[in-house]
Amino acid sequence: MTTSTSHEYHHLHGLLQQLDDAEQTLAHGPGRIAVAEKKVAAAEQSCMDQKEQIQLLKKTVDQNSLNLKSREAEVSKLTLRLNEASSNKEYDIIQAQMASAKSADEELEDQILSLLSQVDEADEELKRRTNEVSELKQKMADIATRVRSIEPGLKSEIERLTTEIAEADAVIPTGESRTTYQRLRAAMGPAAMALVEGGFCTACNTGATSQDLVRMNMSEFLLCRACGRILYLVREE
Ligand SMILES: [Zn+2]
C-alpha cells in the first residue's frame with residue numbers, strides 16, 4: 001500500500017466514522033423525546049391514581065361521619081329512655097347501653113380523624129406528583145427543542161459526508177473489491193474497515209501474516225482473515 005493510498009483508506013475510514021456518529025445522533029433524537037414522553041405519561045398516571053385514592057379516602061370519611069351521626073341520634077334516644085326509666089334495673093341496662101354506644105362513638109371519631117390525616121398526607125403527595133409532572137414536561141420540552149435545533153446541522157453534515165465519502169471511496173478498486181466494500185459498509189458501517197497497527201488488526205487483534213503485509217504494501221485490497229474487515233496500514237511519510 002503506497003503511503004498516499006494508505007492515507008486515502010484512513011481518510012475514508014474517518015469519514016465513515018463521522019457519518020455513523022452523525023447518523024446515530026440524528027436517529028437517537030426521536031428516541032430521547034419518546035423516553036421523555038413516556039416519563040410524563042407515567043407521572044400523569046401516578047397523579048390520577050393518587051386522585052382516585054384521595055376520593056376513596058374522602059368517601060370513607062363521609063360514610064363514617066354519617067354512621068357517627070346516626071349513632072349519636074341513637075344515644076340521644078337512649079338519653080330520653082334513661083329519663084323515663086321506670087326501675088333501677090332498667091336504668092342500669094340503659095346506662096350500660098349508653099356507655100358502650102359512647103365508647104363505640106369515640107372509636108369511630110378516632111377513625112375519622114385518622115382518615116382525615118390520611119387525606120392531608122395524600123393531598124401533599126398529590127402536590128408532589130403534580131409538580132413532578134410539570135418538571136418532566138419542562139424537561140421533555142427542553143429535550144425536544146435541543147433535538148430539533150441540532151437536526152438541520154446534522155442533516156447537512158450527513159449530506160456533506162455522504163458526498164465526501166462518494167469521492168473518497170474511489171480508493172477502493174473497482175470490481176469485486178468494490179462490491180465487497182459496499183456489502184461490508186451496508187452491514188457494518190465504519191466497522192467495515194480496520195486499521196492495522198504493529199502488524200495486528202485493531203478490530204479483532206489478529207496478526208496479519210507477512211504475506212498480508214506485503215500485499216498491503218502493494219496497495220492490494222485485503223480483508224482480515226479473522227474478522228473479514230477491510231484492512232489498511234497507516235505509514236509515516
Ligand atoms: Zn480483524
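1. Start at the metal. The zinc ion has four cysteine sulfurs as its protein donors: Cys201 (SG), Cys204 (SG), Cys224 (SG) and Cys227 (SG). They lie 2.3 to 2.4 Å from the zinc ion. Keep in mind that this is a predicted model.

2. Next, the geometry of the site. The angles among the four donor atoms are 100 to 120°, and the site of the zinc ion is tetrahedral. Along the chain, the donors follow the spacing C-x2-C-x19-C-x2-C.

3. Are Cys224 and Cys227 buried or exposed? Cys224 counts as buried because its relative accessibility is 5%, and the cut-off for buried is under 20%. Cys227 has a relative accessible area of 23%, so this residue is partly exposed.

4. Now the sheet. Three strands form an open sheet, in the order 2-1-3, with mixed pairing. Strand 2 (200-201) and strand 3 are the edge strands, and each pairs on one side only.

5. How does strand 1 pair with strand 2 and with strand 3? With strand 2, the sense is antiparallel, over two bridges. With strand 3, strand 1 runs parallel, and four bridges join the two.

6. Two bridge partners are worth finding in the view. Val196 has Cys201 as its bridge partner in strand 2. Cys201 is also one of the donors of the zinc ion. Ala194 has Leu231 as its bridge partner in strand 3.

7. Look along strand 3. Ile230 and Tyr232 point one way, while Leu231 and Leu233 point the other way. All four are buried. In a regular strand, side chains alternate between the two faces of the sheet.

8. Ile230 leads on to the core. The largest nonpolar core has 21 residues. Those with the most contacts inside this core are Tyr9, Leu12, Ile165, Ile172, Tyr181, Met193 and Ile230. The elements that give two or more residues to the core are helix 1 (3-83), helix 2 (88-168), helix 3 (176-188), strand 1 (193-197) and strand 3 (230-233). Helix 1 supplies the largest share, six residues.

9. Which domains does this core draw on? At least three residues come from each of domain 1 (25-169) and domain 2 (172-237).

10. There is also a second, separate core. This one has 15 residues, including Ala43, Val61, Val119 and Leu136.

Methods
Residues numbered from 1 in each chain as written. Predicted model: local features only at pLDDT ≥ 70, side-chain atom pairs only at ≥ 80, totals over all residues. Heavy atoms only, no water. Core = buried A, V, L, I, M, F, W, Y, C linked by side-chain atoms within 4.5 Å. Buried < 20%, exposed > 50% of the residue type's maximum accessible area, 1.4 Å probe, protein only. Domains from an automatic or database assignment. Donors = N, O, S within 2.8 Å, 3.2 Å for Na, K, Ca; no water. Tetrahedral: all angles 85-135°; square planar, octahedral: opposite > 155°, others 65-115°. Pairing = 2+ DSSP bridges.
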